[in-house]
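Please go through this structure with an eye to its rings, its nonpolar cores and its backbone geometry. The report below takes these topics in turn.

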Amino acid sequence: MKKKSNEDIKVYCEEHFDKLPEMPFLEYPFEGELLNLIKENNLFKQEYYYIQKGESYAFFVVYHNRMDILTFGKMSLYYPVKVIGFPCSLSCPGYATNDEKFMLDYIKTIKGAKLVLNVSNPIAHGSYVIGETLPTCMVDLTCGNEGQSYGTAEDYFKSFRSSYRRRIRLAIKACADLEIKKNPKDGRVYDLYRNTYEKSGYKLERLEPGFFEKAEADKLVFYRGDKPIGFVMLKGVGNQLIFMFCGMDYSQETTDLYYFMIYNIIKYAVENKFKSIDLGQTSEETKMKFGAVLDKKYFYANHTNCLLNTAIKLGKGILEYRYRFPDYRVFKEEREENESIVF
């Protein structure tokens, strides 16, 4: 489907990414193969937009969701929302543009409630409401003035204060009986994903089993005996490792298990020479204890109905994700001696 506005804006809106014009400016995660796989395995209605006017352009994904707009509050209120976001809960935005104002001008014309997620540097723009959403947890795996990568995971953890190293050692000891398998063909992995999805307080969309079977990403699955009790799904993009998904068996003791899983993500990243890790959103405090720093993310919200848009502005405080965490001092000060750590 192709539409053209009366302002000479070229607008392409398709329900399948492959029907859009070629867009050489798109990079991961906006790859046709990945978007097609998500289309098959995310049951929400999805639309793909490409708009252009002169030198300005934008691509964005819209998926239709009946979501709890009070997710971060104490109550629930489900409402149909058109979400401009990447439709599989990654911490990246669901758009690519060289002119954010141009894109927002157009999105505002889409009828109903719109929510643009995971914005890094929001701009004040007309009737849009701007608020904070879940931050992304980022781990820097470079050291020294030249930005060199750590040689081993042990080298990275040597930079931690002793109390944080001790907690990681305890988790490793508690999980000493686990076997880690890479990319096993085991349908039970999806059950672990469903467990974590159902337990999550921030549900957006749920993927179907085909995504986990076909996605080009590594799965590390943690077995106790012949039973999988946890997994992580990882994707390398350039010098960065993306922590995509995880799942756990909550009949097990999961605190040490989760620590052990994060430890193995970092170990995997260092061994494969990545310079940073996107550890995703949620569980911020645990990830901060592994050296992650919080990269703030924001949302734009808008409704075409003026009264409802005013209500959004007045209720901004209950839409936002508010957080305040302790100032974890994970890394040793330079004046402290260089202690070793044995895992």
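## Aromatic pairs

This is a predicted model. A search of the whole structure finds 34 aromatic pairs. Take Phe44 and Tyr63. Their ring centres are 6.1 Å apart and their planes meet at 20°, so the pair is stacked; the cut-off for stacking is under 30 degrees. The partners come from distant parts of the chain, 19 residues apart. Phe44 lies in the loop between helix H1 (32-41) and strand E3 (46-53), while Tyr63 lies in strand E4 (residues 56-68).

Buried or partly exposed: which word fits Phe44, and which fits Tyr63? Phe44 has 27% relative accessibility, so it counts as partly exposed. Tyr63 has 1%, so it counts as buried.

Tyr259 and Phe290 form a tilted pair. The centre-to-centre distance is 5.4 Å, with 50° between the planes. This pair also links distant parts of the chain, 31 residues apart. Tyr259 is in helix H7 (residues 254-271). Phe290 is in the loop between helix H8 (284-288) and strand E16 (293-303). Both Tyr259 and Phe290 are buried.

## A ring cluster and its C-terminal member

Ring pairs join Tyr150, Tyr156, Phe157, Phe160, Phe222, Tyr259, Phe260, Tyr263, Phe290 and Phe331 into a cluster. Tyr259 and Phe290, the tilted pair, are thus part of a wider network.

Phe331 sits in the segment after helix H10 (316-319). Its relative accessible area is 34%, so Phe331 is partly exposed. Setting aside neighbours within four places in sequence, Phe331 contacts Tyr156, Ser159, Phe160, Arg161 and Gly291. Tyr156 and Phe160 are also members of the ring cluster. Far from these contacts in sequence is Gly54: Phe331 and Gly54 are 277 residues apart, and their C-alpha atoms are 49 Å apart.

## Charges over rings

Two lysines lie over tyrosine rings. The charged end of Lys181 sits over the ring of Tyr223, 4.4 Å from its centre. Lys199 lies over the face of Tyr250, at 5.0 Å from the ring centre.

## Nonpolar cores

In soluble globular proteins, nonpolar side chains tend to be buried together. The largest nonpolar core here has 41 residues. Which of its members touch the most others? They are Phe157, Val232, Phe243, Ile265, Ile266 and Ile277. Phe157 also belongs to the ring cluster.

Several elements each supply at least two residues of this core. The helices are H3 (153-158), H4 (162-174) and H7. The strands are E8 (129-140), E12 (218-224), E13 (227-237) and E14 (240-248). H7 gives the most, with twelve residues.

Ile277 shows the contacts of one core member. Beyond four places in sequence, Ile277 touches Cys137, Met138, Val139, Leu141, Leu241, Ile265, Ile266 and Ala269. Apart from this core lies another, of 37 residues. Its members include Leu90, Cys92, Phe211 and Ile242.

## Helix packing

Two packed helices are described by the angle between their axes and the distance between the axes. H4 and H7 pack at about 105°, with axes 8 Å apart. That makes H4 roughly perpendicular to H7, as 65 to 115 degrees counts as roughly perpendicular.

On the H4 side, the meeting residues are Arg167, Ile168, Ala171, Ile172 and Ala174. On the H7 side they are Thr255, Asp256, Tyr259, Phe260 and Tyr263. Tyr259, Phe260 and Tyr263 are also in the ring cluster.

Helix H3 holds Glu154. With 35% relative accessibility, Glu154 counts as partly exposed. Glu154 and Lys267 are 113 residues apart along the chain, yet their C-alpha atoms are separated by 8.5 Å.

## Backbone exceptions

Most residues other than glycine have a negative phi, and most peptide bonds are trans. A few places here depart from that pattern. Tyr28 and Pro29 are joined by a cis peptide bond, with omega about 10°. Pro29 lies in the loop between strand E2 (10-14) and H1.

Asn118 has a positive phi of about 60° although it is not a glycine. It is placed in strand E7 (residues 113-119). Its relative accessible area is 7%, so Asn118 is buried. Ser283, also not a glycine, has a positive phi of about 50°. Ser283 lies in the loop between strand E15 (276-278) and H8. At 35% relative accessible area, Ser283 is partly exposed.

Key:
Residues numbered from 1 in each chain as written. Predicted model: local features only at pLDDT ≥ 70, side-chain atom pairs only at ≥ 80, totals over all residues. Heavy atoms only, no water. Phe/Tyr/Trp six-rings, centres within 6.5 Å; stacked < 30°, edge-to-face > 60°. Helix = DSSP H or I, 4+ residues; strand = E, 2+ residues; numbered from the N terminus. Buried < 20%, exposed > 50% of the residue type's maximum accessible area, 1.4 Å probe, protein only. Lys NZ or Arg CZ within 6 Å of the ring centre and 35° of its normal. Core = buried A, V, L, I, M, F, W, Y, C linked by side-chain atoms within 4.5 Å. Contact = heavy atoms within 4.5 Å. Axes fitted to C-alpha atoms, helices over the stretch in contact; angles between N-to-C directions. Parallel < 35°, antiparallel > 145°, perpendicular 65-115°, else oblique.
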